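Work through the exercises below with the sequence and the model side by side. Try each task before reading its solution.

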Amino acid sequence: MALIGMANLDDLSHGLASLPMFPYFDVAHYVVSVMALREQPGALEVSRRSPFACWFSSMLFCFGGAVLSGMMMAEPPVAPLSNSTNVLLASLIWYLVFYCPRDLVYSCTALLPFRLILSGMKEVTRTWKVLGGVIQAHGRYKDSLLVMIAIGWAKGAGGGLISNFEQLVRGVWKPESNELLKMSYPTKITLIGAVLFSLQQTNYLPLQKHHLMLIYTVFTVVNKSRIILTGSSASPFALVESVIHRTLFAGSSSYSALTSESKAAAIDKGGATSGGNGTIPPSPAKGKAKGQAEAKISKKTN
């Protein structure tokens, strides 16, 4: 029975590795990407005020990974737009999601069953994008693990990594929302996939490519479904991230020690000048004059 199960898993992994992305999975990727743009604050107003800016932002959502990875590989950034079929398909989906009469397309695709299916299909395309970027970099830089990770990460999560530029197209400037400052779940999971596929390509990870594709795809699809069903954006890596951060990056530094010493000195100085209770003690001369005046008043009254 175990051998039968292993054979079925092997057939499944081979089937996934030979699965064509066009047109169904690419359509799902475009639909989910354009829906994500529409659900951005102010995106609907921009679509009414400037359709061209809205269309350009949609293309960045759909092809941002290919554009960013192409620029990193010294290729023309417009190369991903040379495939007229994909661009026309993405443009058609953009129009239907934003401008369909009675908003039928967005209302249907936003329903939970359709959103689950489309998001799961998009995660399958994520696997292919990350693997494609890693293989592309491996063909040019065979021994550079860092380059393979960077290209795979850029190709799989480029839309998020260039989000500041995309927001600028819509007239929004939020540098604090940079993905490198606070990574979202898709950016994190794509980075993990880029690391795994790069290790596999350089033979540091003893797994066959199609087996790793199956494991990674199942993990991403299950987690994405969990996030949609529970409505929770909590990362499954939160505990590991917290432990690593506290262990490696939250230690005391010379700067923190210096600032703590200066704060302590300021507190001590403040306590000395205020007599320890926040009030300024009277000078001896003033105290003596006050005592003599009180003695004169008491003599007169007596």
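**Exercise 1. A residue and its patch**

In which helix is Leu168 found? Then place Leu168 on the surface scale and find the patch that holds it.

Solution. This is a predicted model, in which local features need pLDDT of at least 70, side-chain atom pairs count only at pLDDT 80 or more, and totals for chains, interfaces and linings use all residues. Residues are numbered from 1 along each chain as its sequence is written, and side-chain values use heavy atoms, with hydrogens and water left out.

Step 1. Leu168 is found in helix H9. Helices here are DSSP runs of H or I with at least four residues, strands are E runs of at least two, and both are numbered from the N terminus.

Step 2. Leu168 has a relative accessible area of 46%, so it is partly exposed. The scale: buried means under 20% relative accessible area, exposed over 50%, and partly exposed in between (1.4 Å probe, protein chains only).

Step 3. Leu168 joins Phe52, Phe56, Phe165 and Trp173 in a nonpolar surface patch of about 580 Å². Patches take residues with over 30% relative accessible area and no salt bridge; like charges are joined within 9 Å, nonpolar side chains (Val, Leu, Ile, Met, Phe, Trp, Tyr) within 5 Å. Areas come from the Shrake-Rupley method with a 1.4 Å probe; for residues, only the protein chains shown count as cover.

Step 4. Helix H4 (51-72) and helix H9 (163-169) are the elements that give two or more residues to this patch.

**Exercise 2. The chain as a whole**

How many helices and strands does the protein chain have? Take stock of its burial, contacts and surface.

Solution. Step 1. Count 14 helices and zero strands.

Step 2. Of the 302 residues, 34% are buried.

Step 3. Take the contacts with a separation of 6 or more: 72% of them are between residues 24 or more positions apart. Contact means heavy atoms within 4.5 Å.

Step 4. The accessible surface comes to about 18200 Å², and 68% of that belongs to carbon and sulfur atoms.

**Exercise 3. Two helices that cross**

At what angle do the axes of H4 and helix H8 (residues 145-161) cross? Give the hand and the contact residues too.

Solution. Step 1. The two axes come within 6 Å and cross at roughly 145°. Axes are lines fitted to C-alpha atoms, for helices over the stretch in contact; angles run from 0 to 180 degrees between N-to-C directions.

Step 2. The crossing of H4 and H8 is right-handed. A crossing is left-handed if the near helix is turned anticlockwise from the far one by less than a right angle, and right-handed if clockwise.

Step 3. H4 brings residues including Leu60, Gly64, Gly65 and Leu68 to the contact. Among those from H8 are Ala150, Ala154, Gly158 and Gly159.

**Exercise 4. Salt bridges**

How many salt bridges does the structure hold? Examine three of them.

Solution. Step 1. The structure holds six. A salt bridge is a side-chain nitrogen of Lys or Arg within 4 Å of a carboxyl oxygen of Asp or Glu.

Step 2. Arg115 pairs with Glu39, the closest N and O atoms being 2.9 Å apart. Arg115 lies in helix H7 and Glu39 in the loop between H2 and helix H3 (43-49), so the pair ties together parts 76 residues apart in sequence.

Step 3. Glu123 and Arg126 form a salt bridge at 3.0 Å, N to O. Both lie in helix H7, three residues apart, about one turn of the helix. Glu123 is buried at 2%, and Arg126 is buried at 8%.

Step 4. Glu166 and Arg170 meet at 2.6 Å, N to O. Glu166 is buried at 3%. Arg170, in the loop between H9 and H10, is buried at 8%. Beyond four places in sequence, Arg170 touches Leu37, Gln40, Pro41, Ala43, Val46 and Ser57.

**Exercise 5. Unusual backbone**

Which residues are joined by a cis peptide bond? Then check phi at Ala74 and Asn203.

Solution. Step 1. Recall that most residues other than glycine have a negative phi, and most peptide bonds are trans.

Step 2. The cis bond joins Phe22 and Pro23, with omega about 5°. Pro23 is in the loop between helix H1 (2-17) and helix H2 (24-38).

Step 3. Ala74 has a positive phi of about 60°. Ala74 sits in the loop between H4 and helix H5 (84-99) and is exposed at 72%.

Step 4. Asn203 has a positive phi of about 65°. Its loop runs between helix H10 (185-201) and helix H11 (209-230), and Asn203 is exposed at 69%.
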